[in-house]
Amino acid sequence: MADRRFARFRLWFGLSGSRVRRRVKKAMEATSGPLLLRCSVQNYDWGRFGEDSTVARLFEQNSGGEIELARPYAELWMGTHESGPSFVVAPSETAGSLGPETVTLKQWITANPGSLGEKVVEKWGNDLPFLFKVLSVAKALSIQAHPDKELARMLHKMRPNVYKDPNHKPEMAIALTEFKALCGFVNIEELKDVLISVPEIKDLVGSEEARKFFITEELDVNSEAKMFLQSIFTKLISSSKEAVSELVSKLKVRLDTESKIRTLTEKEQLILLLEKQYQADVGVVAAYFFNYVKLSPGEALYIGPNEPHAYISGECIECMAASDNVVRAGLTPKYIDVQTLCSMLTYKQGFPEIIRGSPVNPYVSRYTPPFDEFEVDHCLLPPKESVVFSAIPGPSIFIVVVGEGKMQFSATDDQDQKFMMGDVFFVPAKNEIRISAGVDGPTQLFRAGVNHRIFC
Ligand SMILES: [Zn+2]
């Protein structure tokens, strides 16, 4: 598929200079209607393969290419981040005509900042403050945390080749299928349980340390527990490769043996699964310290700055502040920044909040995380039904995940624009949109926009 895309680029660059300039000019022209986008895909090795990947199926429709069966398709990116830009499809280039898209959404927005609305420009400048994604996860992503704004600025200044932008990256995942993740530290009781029931971790901590933790009951439990957690987590994550390898193999042998005489807990089963995916990785043991979260389709999880997490499996819609800053701690062959990670974490304990979306109308529910940069609407429309997204003073990106239908825009000559699965639209501020589902089946879309609270 990539080859075909590049072939289209060669064709494009084969055009005369003046024709290219005319096409670019056309693509850059301000429009009050929606812009169809061609989006980028990321083939990270934890992605699902070929037809099994929703990302691949959406990308195939979006790009007009073919799925390569032997490649993992991990993430579809919709937005302006330079590590995976979206391109504007000029109106004349639809319906399979020549043009590959040479104008990125970022360039188009820079030339047409009014499309963001005054409030967004005032708050974030001439760029989209959010990045919208679809994820198809086959195996665990690294255990990671994202820095807050201040730390992000510092990390970017110190190591710009690792931390590529100076922004924070709060994020939210809405499950499309059953979606499993590790998120945040377990509460004090569970942590005590780990120290009792996992001899390998007790050995690592040392019995004297563990004993101290158990007698802190009457003291200021929260702050004591936080300090204790920080100390043992740092000790584990900073252990030598040899020590970790020995620890993981002891743990595996014990769990394998015990699985013959009792049913392992869900966490223990997860530990064995992670060991299969990332042998001798510190993340296998670290999983004991985190909450194991299972989302059903439609449930969502949001992750604030400096909170540890790792997505394990499943497919989701994800939205985040426009950044790609990740500090990793395990379950990865990539660069691990142990010192930064251990010192940045909040060590807050307890199960994360699961959100289910509040109804906006019978067909649309809204997921509003406590971050200004974004919110996501989910629209599930039965066949032949219509719904109106009222005009808002900020930009939106729509992705059609299932079905087909048509859209009508308040600002353009009331011509219906047909859409189908895999279509992605950028909708400038102050556009009312009516969406009608096709006759054959339901239509499912997601919309990302800035958090509506910034307009209140
Ligand atoms: Zn993350």
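Two strands count as paired if DSSP finds at least two bridges between them. With that in mind, open this predicted model and start with strand β1.

**Stop 1: β1 and β23.** Select residues 35-38, strand β1, together with residues 424-427, strand β23. The two run antiparallel and are joined by two bridges. Now show Leu-36: the residue opposite it is Phe-425 in β23.

**Stop 2: the eight-stranded sheet.** Widen the selection to the sheet that holds this pair. It is open, has eight strands and is ordered β6-β1-β23-β20-β25-β18-β17-β16, with antiparallel pairing. Which strands form its edges? Select 87-89 for β6 and 358-361 for β16; each of these edge strands pairs on one side only. Ignoring direction, neighbouring strands of this sheet are turned against each other by 30 degrees on average.

**Stop 3: the four-stranded sheet.** Next, select β19, β24, β21 and β22, which in that order make up an open sheet with antiparallel pairing. The edges are β19 (386-389) and β22 (417-420); each has a single partner strand, so one side of each lacks a neighbour in the sheet. From one strand to the next, the twist averages 25 degrees.

Stay with β19 and add residues 433-437, strand β24. Four bridges join these antiparallel strands. Within the pair, Phe-389 is placed opposite Ile-433 of β24.

**Stop 4: α11 and α12.** Hide the sheets and select residues 241-258 for helix α11 and 266-277 for helix α12. Their axes come within 10 Å and cross at roughly 125 degrees. Why is α11 called oblique to α12? An angle over 145 degrees would count as roughly antiparallel and one from 65 to 115 as roughly perpendicular; the crossing at roughly 125 degrees falls in neither range, so α11 is oblique to α12. The crossing is left-handed.

Show side chains for the contact. On α11, pick Val-248, Leu-251, Lys-252 and Leu-255; on α12, pick Glu-268, Ile-271, Leu-272 and Glu-275. Of the residues in this contact, five are nonpolar and three are charged, with no polar ones.

**Stop 5: confidence.** Finally, colour the chain by pLDDT. The average is 87, and 88% of the residues score at least 70. Select residues 1-16, where pLDDT stays under 50 and the model has 15 contacts beyond four places in sequence. Then select residues 93-99: pLDDT is below 50 here as well, and the stretch has 10 contacts beyond near neighbours in sequence. Where pLDDT is low, predicted coordinates should not be read in detail.

Terms used: Residues are numbered from 1 along each chain as its sequence is written. This is a predicted model: local features need pLDDT of at least 70, side-chain atom pairs count only at pLDDT 80 or more; totals for chains, interfaces and linings use all residues. pLDDT is the predictor's confidence in each residue, from 0 to 100. Two residues are in contact if their C-beta atoms, placed from the backbone, lie within 7 Å. Axes are lines fitted to C-alpha atoms, for helices over the stretch in contact, and angles run from 0 to 180 degrees between N-to-C directions. Angles under 35 degrees count as roughly parallel, over 145 as roughly antiparallel, 65 to 115 as roughly perpendicular and the rest as oblique. A crossing is left-handed if the near helix is turned anticlockwise from the far one by less than a right angle, and right-handed if clockwise. Ala, Val, Leu, Ile, Met, Phe, Trp, Tyr, Cys and Pro count as nonpolar, Asp, Glu, Lys and Arg as charged, and the others, Gly among them, as polar.
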